[in-house]
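Q: Please take me through one part of this structure in close detail. I would like to see how it sits among its neighbours.

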Amino acid sequence: EFLKFYFLETNQPVRRLSMLVSQQVVFSLFAAVVVADDVGYEKLYESSATEVWPAQCFDAPGLPAHVHGTFLLAGPALFEMGHRAFQNALDGFGKVQSFKLGGGKVCFSTRMMQTGFYNASVKAGTIGHGGLFMETVPPRHCETLHPMCNMLAAGDNNYVNSFQVSADEPNKLLMVSDTTKMVDFDLESLSVTGDHTWDDHMVQFMHTAPLGSAHPLPDPAGRGGTIGIASGLPEGPGQSFVDVYRLDPANPKTRELLSRYSVDKTAYFHSFGLTEHYAIFPHNVAFDTMAMFKTFGATIGSAMTSHWDGIRVVQHNPASVDKEPLVFQTEPFFHVHIANSFENATGIVLDISSSSSNLLATALTIEKQLNKTIRDSGDKILLKRLHLHLSGNQKGKVTTQTLSVESRSSEFFRINPLFQSREYCIYYATEWFHAGSAYASMAVLRHDVCKGERTYWAKENWYPSEAVFVPTGTEEADGVLVFTALDGVNGVSHFVTVDAATMTEVTNVALPVRIPFTAHGEFYAGVAAAAQSLATETMVLV
């Protein structure tokens, strides 16, 4: 706890530390924890609210000429406000980073997300009301006459992921998290334009659907648009449900219901699988609404409970509404992300992360991330290939193959998006424990499953973000990876591009502000102004 407060606000340690303990004790603890092989790792969990606007441009001579567009990367960047601090990194106030690529230049800008939650907190001078993974330190309190203030507050701190609604309006994005509330976002101005509203009546009468997925996927069935999910529960007696819907680019406020099935417990999915015909849902976490009500909506993390109920498979077409799903049983596991899923001659292949504990609820507490002993002893995250057999001698069964190195952790999987929901060979991932027993030994992995070849980008005491694939041709390895990396020794973040076939570095640009831990990025091809007009002057806002 002492170290957490020291690291969270190095610019004003006296005020923050006086709440807990003298500086002398903190510095002695600091000296005991920081070790040579994790230099600067703690800076991923230190606030960095400085904005750069308009964009600042840098030469990037190695960048392929046909890479033209905007790479948007978001994540939490402010871990305290006023006299309160977040305990879970995922609760931090969101910030977006934009990298406009083209004409041999990269133009960087970054802004805090002016969401309802952020604006209300700024007005209050401290972290405001709303549901969080963990309560703040010191805790927030509702007024006696308004005990439901956290449930009624704006829950729109949606920095986890983004997607483009329509190619006809390339700068209009939706920012998403694991709820059905989405945020309208303008890519050009990096501004939140409002909370997205739905004009449909997809959710049944006397039901509510608060949960979604931070990973909606392009429709692989040729209809166009995006496939998303809504998970909810009745407002009285009855069963919970999972809805699969399509968002049509021509009508982005109306969800077309493709499938619905009932479950005994409200299901929580950070991600789901999608093939040409099927949607795949590993039921390993349930959302206990009564646990959330015990805190009056203040801590969502307390409602995430372990609950294995098999892997359910449904067809995503309107004729499948209310049809019973196929249920596959295998050894219970928890997952966060899915690399890809596709159909083959005998069933469905699902490449999915696997761990023995629910890492979304436990791994990203700031206290754990700043404690080397704890983070080095955490669960390993493996990528496993599950074959869900729909036909043949093993129909109804699941066979499993481990794809990743079992002594390391792999997550933040990405592939060439042209191969989404198709049979493929190559995935990319962030790897921890890369060089041994240190969790903070990180690398970007390229794994060709078909050839059994692994290649890496790695630098000692450098900490990369999720690497996003930008296609430059039609072959699976034709492209570059774009990501950021924190140089822990110097405390400087860099924009990096890597050849996706060879993993050799193409571009490395030092940035004017440090970027903390980030969630997911997306590349929007063609969405970039001419390089020479991207910025004529730079303003750094603190």
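A: Two strands count as paired if DSSP finds at least two bridges between them. With that in hand, let's look at strand E17, residues 278-282, keeping in mind that this is a predicted model.

Start with the partner that a hairpin links to E17: E16 is joined to E17 through 3 residues. Strand E16 covers residues 273-274, and 2 bridges connect E16 with E17 in an antiparallel arrangement. Here Gly 273 lies opposite Ile 280 of E17.

E17 also pairs with strand E20, residues 311-315. This pairing is antiparallel as well, with 5 bridges. Across it, Phe 281 faces Arg 312 of E20. As background, strands of a sheet pair through backbone hydrogen bonds, either parallel or antiparallel.

Now for the side chains of E17. Tyr 278, Ile 280 and Pro 282 point one way from the strand, while Ala 279 and Phe 281 point the other way. Residues pointing in either direction are buried, and E17 is mostly covered, with 5 of its 5 residues buried. Buried here means under 20% relative accessible area. So Ile 280, opposite Gly 273, and Phe 281, opposite Arg 312, point opposite ways from E17, and both are buried.

To recap the pairings, E17 has antiparallel partners in E16, with 2 bridges, and in E20, with 5 bridges.

Definitions and conventions: Residues numbered from 1 in each chain as written. Predicted model: local features only at pLDDT ≥ 70, side-chain atom pairs only at ≥ 80, totals over all residues. Heavy atoms only, no water. Buried < 20%, exposed > 50% of the residue type's maximum accessible area, 1.4 Å probe, protein only. Helix = DSSP H or I, 4+ residues; strand = E, 2+ residues; numbered from the N terminus.
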